[in-house]
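The following exercises concern one protein structure. Please study the sequence and the model, attempt each task, and then compare your reasoning with the worked solution.

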Amino acid sequence: MKLAVFVSGRGSNLLSILESRELADLIEIKAVISNKIECGAFEIAKNYSVPTYTLGEKDGLISYNDLSNLLSRLKIDLIVLAGFLKLIPEDVIRNYKGRIINIHPALLPSFGGKGMYGMNVHEAVYKSSAKVSGASVHFVDESYDTGTIIAQECVDIKDVKSPVEIAERVLKAEHRVLPAVIKMIARNQVHIINNRVEIF
């Protein structure tokens with residue numbers, strides 16, 4: 001299965017995919033795509049000889065209008081959003097319906113939506129006095145964090161003293177659940193039945 005991984009930051013979830021032994025014979029990452037010219041994830045991609053592409057309107061960048069063509073040329077089977085902070089263009093959503101997933105650092109549908117990313121999420125969780133947080137992997141639709149949930153992992157946070165502690169615990173869960181979901185999709189075990197995800 002050919003993957004395109006979209007990133008905006010340091011790329012720790014990208015690394016968790018690349019380092020997964022269980023995915024080694026199931027997937028090939030054909031592209032790492034970012035909305036930033038420089039990001040830590042690009043350095044990781046280069047270390048693994050994965051081609052990188054930057055989205056934007058300047059010369060030498062891939063325009064959002066050309067994104068579908070790029071993905072088609074690369075024969076991408078699955079798009080993975082691993083800390084990507086922009087909305088995916090609607091034509092890409094249409095063309096890859098049911099083939100775009102996102103990792104979110106909270107238990108959706110709580111603490112999702114526009115502006116809810118990174119430490120913004122963990123600060124909101126901390127201020128709410130929630131006793132559990134976690135990571136969610138969901139299919140992507142036209143809005144932020146509203147697609148059908150595929151898998152979640154809960155994290156106990158009742159004893160944390162800061163949002164940073166929540167972030168550290170949740171990130172470990174992200175690194176487990178995202179490769180696990182990709183593995184299930186590569187094995188054709190993920191199915192949507194009556195708008196619920198079933199895995200078999």
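**Exercise 1.** Which residue in β6 does His104 stand opposite?

*Solution.* The model is a predicted one, in which local features need pLDDT of at least 70 and side-chain atom pairs count only at pLDDT 80 or more, while totals for chains, interfaces and linings use all residues. Residues are numbered from 1 along each chain as its sequence is written, and side-chain values use heavy atoms, with hydrogens and water left out.

Step 1. Locate the elements: helices (H or I, at least four residues) and strands (E, at least two) are DSSP runs, numbered from the N terminus. Strand β5 covers residues 100-104, and strand β6 covers residues 132-139.

Step 2. Establish the pairing: two strands pair if DSSP finds at least two bridges between them. β5 and β6 are joined by four bridges and run antiparallel.

Step 3. Read off the partner: His104 stands opposite Ser136.

**Exercise 2.** Determine how the side chains of β5 are arranged and whether they are buried or exposed.

*Solution.* Step 1. Recall the rule: in a regular strand the side chains alternate between the two faces of the sheet.

Step 2. Apply the rule to β5: Ile100, Asn102 and His104 point one way, whereas Ile101 and Ile103 point the other way.

Step 3. Check the accessibility. Buried means under 20% relative accessible area, exposed over 50%, and partly exposed in between (1.4 Å probe, protein chains only). Five of the five residues of β5 are buried.

**Exercise 3.** Describe the connection between β4 and β5.

*Solution.* Step 1. Strand β4 (residues 78-81) runs parallel to β5, and three bridges join the two.

Step 2. One position illustrates the pairing: Leu81 has Asn102 as its bridge partner in β5.

Step 3. Together with helix α4 (residues 90-95), the two strands make a right-handed β-α-β unit. Right-handed here means that, with the strands pointing away from the viewer, the path from the first strand over the helix to the second runs clockwise.

**Exercise 4.** Identify the neighbours of Asn13 and state whether Asn13 is buried or exposed.

*Solution.* Step 1. Asn13 is found in helix α1 (residues 12-18).

Step 2. Contact means heavy atoms within 4.5 Å. Not counting residues up to four places away in sequence, Asn13 touches Ala82, Ile103, Glu174, His175 and Leu178. Of these residues, Ile103 was met in β5.

Step 3. Asn13 is classed as buried because its relative accessible area is 6%.

**Exercise 5.** Find the residues with a positive phi around the hairpin of β8 and β9, and the cis peptide bond after β5.

*Solution.* Step 1. Recall the background: most residues other than glycine have a negative phi, and most peptide bonds are trans.

Step 2. Examine the hairpin. β8 (190-193) and β9 (196-199) run antiparallel and are joined by four bridges, with Ile192 opposite Val197. Two residues lie between the strands, and Asn194 in the turn has a positive phi of about 55°.

Step 3. Asn195 has a positive phi of about 65° although it is not a glycine. Asn195 counts as exposed because its relative accessible area is 61%.

Step 4. Turn to the peptide bond: Leu108 and Pro109 are joined by a cis bond with an omega of about 10°. Pro109 lies in the loop between β5 and α5.
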